[in-house]
2 protein chains.
Amino acid sequence: MPKKVVPEGERRRRRPTRQGTVLSEKLIVETALRMLREHGGAGLTARRLGAALGADPSTVYRYFAGLDGLTRAIGEELMGRALDSWTATGEWRADLRSLGLAVHASYLAHPQAALLTASRVTGRPREIEVDETILGILRGAGFGDADAVGVYHAFIDLALAFAALDAGALAIKDEVREADEHMWTSTYARLPAETHPHIAATARLLAERMNDSAYPVVLDTLLGRAEGQLAATRKRAAAP
Amino acid sequence: MPKKVVPEGERRRRRPTRQGTVLSEKLIVETALRMLREHGGAGLTARRLGAALGADPSTVYRYFAGLDGLTRAIGEELMGRALDSWTATGEWRADLRSLGLAVHASYLAHPQAALLTASRVTGRPREIEVDETILGILRGAGFGDADAVGVYHAFIDLALAFAALDAGALAIKDEVREADEHMWTSTYARLPAETHPHIAATARLLAERMNDSAYPVVLDTLLGRAEGQLAATRKRAAAP
DNA sequence: CCGTTAAGGTCTACAGCGTTGGCATAAGGA
DNA sequence: TCCTTATGCCAACGCTGTAGACCTTAACGG
């Protein structure tokens, strides 16, 4: 690696590249996101990124510790966007629901990027901010610490897990275009009733359902359970 | 690619390689799984696989349409193993629970492989078999077709999504060894209470919890909801 | 038992990848 | 204006996936 990676805050000399662009972490991450969207998951390479930036490929290594470091920064960016698009109302269940959907939506807006990052815990600032926010909502609503941590754990993992899964489906759709899209109506609907009676009987319903995300349903289920827990806690506290 | 990929069933001439091994899809998939486990996610390359098999790297292309085809076959194998390790009891909720845990466990037994495959729907035989089994359990329990499809959708996506997420955590642990493992006790526990009061207050609980999977809890939540649905359906049917 | 055929293993080659160390240059403090 | 050094550029290394030509030998018909 060229000597050392200088964190964005400490950069002083902003020399433009031969082609005139002035680089920054922000610009590189945004360009990478655009490339992922336009050229697919395998389309993000150091050389291509350099070309898109108007800079030598190796320059990127002055800003990130390898493409892997860039990947983590991209994940952080998606988390930040989720947080920025979200506003609290004070009603804990509604707030958690909208925050979960915001995270999910932010990742799905860049499926290829989501696939690369959703299963990685980075521990970077905006990610920690999300965690702090969730715990704050729960503790503010009256959950005990143990319950709050339990709900938080399930909540954040659920959001990330479905982000990754649904992003995978979307990414494949984008790349294979229509080839996989109708698999539920093609492959599955053709199975004979003798060998696969249950799939055959529900084929039409399957085709309708499988192209949507199951996330909202599962999220509501989880929040409903949490609400029950909270009510039980309050009852115990009120009449001991 | 060498002419054509011949499906396993139609192979006739089983010529041993120069080094004496007799190849088959099964042997290649098993070897690939072992390599993923031993050398990590980036350790599976055509050349290394060839070496491990005692064959020329390009031979693999006679069995699979590129490494991507091999990847799909690996996913299929993991699904098959889940199914083989599972036995039905006739009690729908218990059966679904154990099947979900079996799928999750099968993937987690090969975290690196799971990461490569968990977010891909292959439409291959064993995967379809799992789908048929789930739908059979639900419809046998008395769910209406629409409800059955709804629960099935959430159930299978949940299992795969958590498999991918937890596999990601495991894979990183395996590779970075201890560096990330204690992140919850290192990074998060060091945050000052002024800026992150909620994380600070629950740091100890977080550290205990975040290294386990939230899957069983979320799965039970989903199954509980399904049970409620079923009871409502029955009540409606009994007293219209 | 032999001859023919083609399945399938091997060789060679190519274009592209991530990454690095050395070098050149210009930005900004003095 | 000069000096320091951050930062962009260049060339190179060892690796990758995979295509196509080639060669060997298993399997089958007679």
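Me: How many residue pairs are in polar contact between chain A and chain B?

Reply: Happy to start there: the count is 9 residue pairs, both residues at pLDDT 80 or more. A polar contact is a pair of N or O atoms within 3.5 Å; within protein, one must be able to donate a hydrogen and the other to accept it, and residues adjacent in sequence count only if both atoms are side-chain atoms. Keep in mind that this is a predicted model, where local features need pLDDT of at least 70, side-chain atom pairs count only at pLDDT 80 or more, and totals for chains, interfaces and linings use all residues. Residues are numbered from 1 along each chain as its sequence is written, chains are lettered from A in the order in which they are written, and side-chain values use heavy atoms, with hydrogens and water left out.

Me: Which elements give two or more residues to the side of chain A that touches chain B?

Reply: They are α6 (125-141), α7 (145-176), α8 and α9 (215-238) of chain A. Helices here are DSSP runs (H or I, at least four residues), numbered from the N terminus. α7(A) gives the most, with 18 residues.

Me: How many salt bridges does the rule find across this interface?

Reply: It finds 0, taking a salt bridge as a side-chain nitrogen of Lys or Arg within 4 Å of a carboxyl oxygen of Asp or Glu.

Me: And what area do the two chains bury between them?

Reply: Buried area is the accessible area (1.4 Å probe) that two parts lose on being put together, summed over both. Here that is about 4,700 Å², with 72% of it on carbon and sulfur atoms. On chain A's part, E132(A), H153(A) and H198(A) supply 13% of the area buried against chain B, more than any other three residues.

Me: How do I read a pair of packed helices?

Reply: Two packed helices are described by the angle between their axes and the distance between the axes. Axes are lines fitted to C-alpha atoms, for helices over the stretch in contact, and angles run from 0 to 180 degrees between N-to-C directions. Take α8 (residues 197-209) of chain A and α6 (residues 125-141) of chain B: their axes come within 9 Å and cross at roughly 90°. The two are therefore roughly perpendicular, a label for angles of 65 to 115 degrees.

Me: Which residues of α8(A) and α6(B) meet?

Reply: From α8(A), P197(A), H198(A), I199(A), A201(A), T202(A) and L206(A) meet I128(B), D131(B), E132(B), L135(B), G136(B) and R139(B) of α6(B), contact being heavy atoms within 4.5 Å.

How values were computed
Angles under 35 degrees count as roughly parallel, over 145 as roughly antiparallel, 65 to 115 as roughly perpendicular and the rest as oblique.
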